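Thanks for sharing this one. Here are my notes, written as numbered points so that you can go through them with the structure open beside you.

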Amino acid sequence: MGGVFTGYEIAKVLGRKLDIIIVRKIGFPGQTELAIGAMSETCAVVLKEDIITSHRILRDYIAGVVKKQMEEILRRKFLYRGGLGI
């Protein structure tokens, strides 16, 4: 959060166009602020397997969160870039 403002200032100084990469957190069941992974608009998913295994988090739960977060990524991509890709 807030990195866009810093990136904007750096891009301005460098005379470059600013763009962003949209990423979303995959939260722990019932405690979504605790990250068990993350995903990007490129569909890359990185998971904290030790937490997932030790807490027996179901893969169906992760798949559902990934689907919802991809929908949010697409919404933001359209909002921020007018639907244009990188």
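1. Let me begin with a backbone detail: G15 comes just after α1 and adopts a positive phi of about 70°. Please keep in mind throughout that this is a predicted model.

2. The helix before that glycine is worth a quick check. Helix α1 covers residues 3–14, and its 12 residues should span 16 Å at 1.5 Å a residue. The end C-alpha atoms of α1 are 16 Å apart, so the expected span and the model agree.

3. Helix α1 also contributes to a feature of the surface. V4 belongs to α1, and together with Y8 and L18 this valine forms a nonpolar surface patch. The accessible area of the three residues together is about 260 Å². V4 itself has a relative accessible area of 47%, and because that value falls between 20% and 50%, V4 is called partly exposed.

4. Next, two residues with unusual backbone angles. Most residues other than glycine have a negative phi. C43 is not a glycine, yet has a positive phi of about 75°. R56, also a residue other than glycine, has a positive phi near 50°. You will find C43 in the loop between β2 and β3, and R56 in the loop between α2 (49–54) and α3.

5. Are these two residues buried or exposed? C43 has a relative accessible area of 54%, which is over 50%, so C43 counts as exposed. R56 reaches 74% relative accessibility and therefore counts as exposed by that cut-off.

6. T42 sits in the loop between β2 and β3, where β3 is 45–47. With 60% relative accessibility, T42 is exposed, because the cut-off is over 50%. Which side chain does T42 contact? The partner is S40, and the polar contact between the two side chains is 2.6 Å. Looking further along the chain, L58 is 16 residues away from T42, and their C-alpha atoms are separated by 23 Å.

7. Strand β2 spans residues 31–40, and Q31 is part of that strand. The relative accessible area of Q31 is 47%, so Q31 is partly exposed, lying between the 20% and 50% limits. Between Q31 and D60 there are 17 Å from C-alpha to C-alpha, with the pair 29 residues apart along the chain.

8. Helix α3 (residues 59–81) includes R81, and I would look at this arginine with care. Is R81 buried or exposed? At 12% relative accessibility R81 is buried, because the value is under 20%. Its side chain makes a polar contact of 3.0 Å with the side chain of D19.

9. E71 is another residue of helix α3. Its relative accessibility is 44%, so E71 counts as partly exposed, between the 20% and 50% limits. The side chain of E71 is joined to that of K67 by a polar contact of 3.1 Å.

10. If you have time for a second look, I would return to two places. One is the loop between β2 and β3, which holds T42 and C43, the latter with its positive phi. The other is helix α3, where you can follow the side-chain contacts from R81 to D19 and from E71 to K67.

Key. Residues numbered from 1 in each chain as written. Predicted model: local features only at pLDDT ≥ 70, side-chain atom pairs only at ≥ 80, totals over all residues. Heavy atoms only, no water. Helix = DSSP H or I, 4+ residues; strand = E, 2+ residues; numbered from the N terminus. Buried < 20%, exposed > 50% of the residue type's maximum accessible area, 1.4 Å probe, protein only. Expected span 1.5 Å × (residues − 1). Polar contact = N/O pair within 3.5 Å; in protein donor to acceptor, adjacent residues only side chain to side chain. Patch = residues over 30% accessible without salt bridge, like charges linked within 9 Å, V, L, I, M, F, W, Y side chains within 5 Å. Areas by Shrake-Rupley, 256 points an atom, 1.4 Å probe, with all protein chains shown as cover. Salt bridge = Lys/Arg side-chain N within 4 Å of Asp/Glu carboxyl O.
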